[in-house]
Amino acid sequence: MAFSGGCQCGAVRYRIDGDIGNPHICHCRMCQKASGNYFMPLGWVQRESFTLTRGAPSWFRSSDMVRRGFCQACGTPLFFEPVNSEGINVTLGSLDEPEMAKPTLQSGQGSRLSFFHNLSELPDEAQEVSADWLTAVARKTYQHPDHDTAEWPPKDE
Ligand SMILES: [Zn+2]
Ligand SMILES: [Zn+2]
């Protein structure tokens, strides 16, 4: 298997030539803070399968055990790397095709938010409100597309 991914602005891009192991979501409080989300989706990649193809992340040492990599330009959380490990976890939402790595486990369940199980039951926003907003946003975005690019950002557009 091969996967590619990167941050929202495209300054940091990576490639995985191999499998993504243990795709899971972590509810721990540190993952909540690091993602600004209710959980962090992570999957394990062996060192030899992992290549940075553009730029380099910045790192925050969140504990003696772990450092977390993110894009310094746009802030996207990208990596969770245990110290002295033979691999790295990538955030599954940063994959170009997140559908390709379906989570199979939950961890950090002690911090799982009480309403997590109800999220999928929330009502959907009205179709037309949602569509109008997405159309307006799509007129000009600065988000890197979901595939590798030879040159980024594109010259004068
Ligand atoms: Zn970025
Ligand atoms: Zn966690």
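1. Let's start with a hairpin. Strand E8 (residues 77-82) pairs with E9 in the antiparallel sense over two bridges. Two strands count as paired if DSSP finds at least two bridges between them. Strands and helices here are DSSP runs numbered from the N terminus: helices are H or I with at least four residues, strands are E with at least two. This is a predicted model, where local features need pLDDT of at least 70 and side-chain atom pairs count only at pLDDT 80 or more, while totals for chains, interfaces and linings use all residues. As for labels, residues are numbered from 1 along each chain as its sequence is written, and chains are lettered from A and ligands numbered from 1 in the order in which they are written.

2. Now look at the turn. Four residues separate E8 and E9 in the hairpin, and asparagine 84 sits in that loop. Its phi is positive, about 55°, although asparagine 84 is not a glycine. That's worth a second look, since most residues other than glycine have a negative phi. Asparagine 84 counts as exposed because it has 6 C-beta neighbours inside 10 Å. The cut-offs, with C-beta atoms placed from the backbone, are: buried if 20 or more other C-beta atoms lie within 10 Å of a residue's own, exposed if 12 or fewer, and partly exposed in between.

3. Stay with E9 (residues 87-91) for a moment. Four of its five residues are buried, so strand E9 is largely enclosed by the rest of the structure. On its other pairing, strand E4 (residues 40-46) joins E9 in the antiparallel sense over five bridges. Find asparagine 89 in E9: it is the bridge partner of tryptophan 44 and also of phenylalanine 80.

4. Zoom out to the sheet. It is open, has seven strands with mixed pairing, and runs in the order E6-E7-E8-E9-E4-E3-E10. Strands E6 (58-61) and E10 (105-107) are at the edges with a single partner strand each, so one side of each has no neighbour in the sheet. Neighbouring strands are turned by 30° against each other on average, direction ignored; the angles are between lines fitted to C-alpha atoms, for helices over the stretch in contact, and run from 0 to 180 degrees between N-to-C directions.

5. At the E10 edge, strand E3 (residues 21-26) runs parallel to E10, joined by three bridges. One pair to find is isoleucine 25 with its bridge partner in E10, glutamine 106. E3 also holds asparagine 22, another non-glycine with a positive phi, about 45°. Asparagine 22 is exposed, with 12 other C-beta atoms within 10 Å.

6. Next, the C-terminal part. Helix H2 (residues 127-138) has twelve residues and reaches 16 Å from first C-alpha to last, close to the 16 Å expected; the expected span is 1.5 Å times one less than the number of residues. H2 is hardly covered, with zero buried residues among its twelve. In the segment after H2 you'll find proline 153, joined to tryptophan 152 by a cis peptide bond with omega of about -5°.

7. Finally, the whole chain. There are two helices and ten strands, and 25% of the 157 residues count as buried. The radius of gyration is 17 Å, which agrees with the value near 15 Å for a compact globule of 157 residues; it is taken over C-alpha atoms, and the globule rule is 2.2 Å times the number of residues to the power 0.38.
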